[in-house]
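Colleague: Before I rely on the terms used for this protein, I should like to hear the reasoning behind them. May we go through them one by one?

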Amino acid sequence: MTGPRVKICCIGSIEEAKTAIDAGASALGLVGQMPSGPGVISDELIHRIAGAVPPPVSTFLLTSETRATDIIRHYKKVYTSVIQLVDKPEAGAYEALRRELPYVKLVQVIHVSDRNSVREAMEAAAYVDALLLDSGNPGLPVKVLGGTGRTHNWEISHEITRSVNIPVFLAGGLHSGNVKQAIEAVQPYGLDLCSGVRTNGKLDAVKLKAFFEAIDS
């Protein structure tokens, strides 16, 4: 059995994209405007990076927009292969996105906090192509929608992977020292990380190599 797919998030340049792909990433996360957190780049740069990435590698637009019209407007500035919704969209948004952008994959982020996250994941799973389990807190006055570098309760995450029939990515505080344990605990389809392979905010080829070696060990 092959190991989980790996998505490297917070990509900040075409050079970082190439470094991540060369290390073995099958997906890249490109962070649009957010209320907080690392890795935000301009829509123009997201568009340039997405256009430079070879087709087998997926490009994810991380958008904090929640209204369908705003999500679509954001997407049409960048043209990635996937839209990652880091906040809960308004009612009817999934259907509107499917109508307007039928060729674009949708990934919903679930910020795992308590047992309610399982119900939230199961509801979203009916509408999207994959889920991504992270450690943010959308309930704060300034929403935290990812990039925390913190792990969450993997038992709840494992319950989610067992409860839905679509791919699940695990994010939140992953690095070479805990990824093997995370895979065993959650059994995700994919892994997603940002800070765990960075030094002073820059993608670190040594940490990347160690991460992929840890998965394969």
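Colleague: What makes F169 count as buried or exposed?

Modeller: This is a predicted model, and the value is computed from it. F169 has a relative accessible area of 7%; buried means under 20%, so F169 is buried.

Colleague: And why is Y189 called partly exposed?

Modeller: Its relative accessibility is 36%. Partly exposed lies between the limits of 20% and 50%, so Y189 belongs in that class.

Colleague: Why is the pair of F169 and Y189 called edge-to-face?

Modeller: The ring centres lie 5.6 Å apart, and rings pair if their centres are within 6.5 Å. The planes stand at 75°, and an angle over 60 degrees counts as edge-to-face. F169 is in strand β7, whereas Y189 is in the loop between α7 and β8, 20 residues apart. Together with F60, these two residues form one aromatic cluster.

Colleague: What sits over the ring of F60?

Modeller: The charged end of K7 does, at 4.9 Å from the ring centre; the limit for that distance is 6 Å.

Colleague: Why is the pair of Y75 and Y79 edge-to-face?

Modeller: Their ring centres are 5.3 Å apart and their planes are at 70°, which exceeds the 60 degrees required. Y75, at 3% relative accessibility, counts as buried, whereas Y79, at 44%, counts as partly exposed. The structure holds five aromatic pairs.

Colleague: How do you know that C10 and C194 form a disulfide?

Modeller: Their sulfur atoms are 2.2 Å apart, and the cut-off is 2.5 Å, so the pair qualifies. The link is left-handed, with -120° about the S-S bond. It connects the loop between β1 and α1 with the loop between β8 and β9, and the two cysteines are 184 residues apart. Both are buried.

Colleague: Why does C9 form no such bond?

Modeller: The closest cysteine sulfur to that of C9 is in C10, 4.3 Å away. A disulfide needs a distance within 2.5 Å, so this one is too far for a bond. C9 nevertheless counts as buried, because its relative accessibility is 5%.

Colleague: Which residues touch the most other members of the largest nonpolar core?

Modeller: They are I8, I11, L131, L191 and F211, in a core of 57 residues. Helix α8 contributes the largest share, five residues. Another core, of 16 residues, lies apart from it and includes F60, L62, A130 and L132.

Terms used: Residues numbered from 1 in each chain as written. Predicted model: local features only at pLDDT ≥ 70, side-chain atom pairs only at ≥ 80, totals over all residues. Heavy atoms only, no water. Core = buried A, V, L, I, M, F, W, Y, C linked by side-chain atoms within 4.5 Å. Buried < 20%, exposed > 50% of the residue type's maximum accessible area, 1.4 Å probe, protein only. Helix = DSSP H or I, 4+ residues; strand = E, 2+ residues; numbered from the N terminus. Phe/Tyr/Trp six-rings, centres within 6.5 Å; stacked < 30°, edge-to-face > 60°. Lys NZ or Arg CZ within 6 Å of the ring centre and 35° of its normal.
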